[in-house]
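Good morning, colleagues. I would like to discuss how a ligand is held in its protein. Please look at the structure first.

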Amino acid sequence: MPIRRSKVLVKWIYENQHKMQTIRCCSSLLRYKEVEESAQVEPETISIPQTTPIPQIAPEFSFKYSDLQVRLAAPYQLQPKPDASALGFGKYFTDHMMKVHYHKELGGWQKPEIVPFEYLTIHPAAKALHYAIQLFEGMKAYRGIDDKLRLFRPDLNMERMNLAAQRSGLPMFDGEELIGCITRLIQIDQEWVPHSETSTLYVRPTLIGTEPTFGVMEPDSALLFVIMSPVSAYYKTRSDGAVSIYADPSVVRAFPGGVGNRKVGSNYGPTIEVTARAAKLGHQQVLWLFGPDKELTEVGAMNIFVVYINEHGDKQLSTPPLNGLILPGVTRRSILELASQWEDITVKEEVITMDRLIDLNNQGRLLEMFGAGTAVVVTPISNVGYVGENIHIPTMKQSQPLFQRLKDTLLAIQYGHIDHPFSRIIS
Ligand code: COI
């Protein structure tokens, strides 16, 4: 080729390289072919949590644990482990993290990788930053009395993650593949799992839409990452060991048809102002009410439970039903399943209004109130601030409170004092 023609060609390539997707198309075509070939395969079904339909994901659409690549931190990158007394909640992070990119153009999920903990590089137009196209999970890894590490019902977190992904137009995946990657991450950073029964390693899988365009639509690129933090108690309690909560009927956390039942960041950001107002009034958390009847829905970032003597004279444990306003908590579900097996307790999912709560309290039938969630496990409530009044709840006055029995049972399962199918040993 004469020099002049080749110069023109080079110039053309230089100016038009953004249009040349040969390499990208090659790999994406390969993946599309695989996906097409596998489209005939029946999607894998996953167990159904209570009433929520689980999205179905063909395994071929997922990333694979068997593709996981690991790059370990160099000795100089390893962080000193903080004292158990200084942990707080989510202040320190372990030495490694897991990442897996999704690029529609490249055929979807790429290979998962474990890398030294690092900052993310993100385009300022990424949809997660503008439209909150993101979701997260909260799980814990426990060091048992036998020194084995355990996860608590991680399959339920995966189901909930996929439900949130489906709602936000984010890519879904096979939960068992992510559990495999998380297990490996925990094994690598295993010395970060506290040697203590008052602290744990909190695991935070997060999925964000990274496509850098302003259209409010399904992102064609995403990043799933998992970071981990050794944690102790989430809340400071009052001197009686319980928390006081503040109910302001003028604010709502969730509404019918919304995303109160999905673990997405946009459920949490808008709670900050009222939580700060509650704190100024001396309360630790907000009790979220809904509707003209002021139904109790959740408390802070926890599910709410009440214990009272029902019309038959039995001790009843109640929590609001999964009606779309309530996060399907893993701890919530575990509490309901455990207590249903105890003969001395009646368990019910029912709407509880403020009027009903006040009536039960005035009649001396209300025994306990507590919140439950992964971060807090079980937190007793001894006071509700409501329209300028303080309603004292006798939770801490019970001789054998149910909240304590539930908390002790959950912790016994989580720390391996009891062998139980809720616990998954991972090393
Ligand atoms: C959890 O209990 O894991 C939560 O999601 C609480 C978190 C928002 C701190």
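The space taken by the ligand is the largest pocket, a pocket being, on a 1 Å grid over the protein atoms alone, an open set of points where a 1.4 Å probe fits, with protein on both sides within 12 Å along at least five of seven lines. The model is predicted: local features need pLDDT of at least 70, side-chain atom pairs pLDDT 80 or more, while totals for chains, interfaces and linings use all residues. Residues are numbered from 1 along each chain, and side-chain values use heavy atoms, without hydrogens and water.

Domain 2 (59-231) and domain 3 (243-420), with bounds from an automatic or database assignment, both contribute residues to the shell, so the ligand lies between them.

Which residues surround the ligand? Among them, with a heavy atom within 4 Å, are F89, R204, Y234 and T374.

For polar contacts (N or O pairs within 3.5 Å), a ligand oxygen lies 2.5 Å from a side-chain N or O atom of K263, and one lies 2.7 Å from such an atom of Y202.

Definitions and conventions: Polar contact = N/O pair within 3.5 Å; in protein donor to acceptor, adjacent residues only side chain to side chain. 1 Å grid on protein atoms, 1.4 Å probe; cavity = no way out; pocket = protein on both sides within 12 Å on 5 of 7 lines; lining within 4 Å. Sits in = over half its atoms within 2 Å of the grid points.
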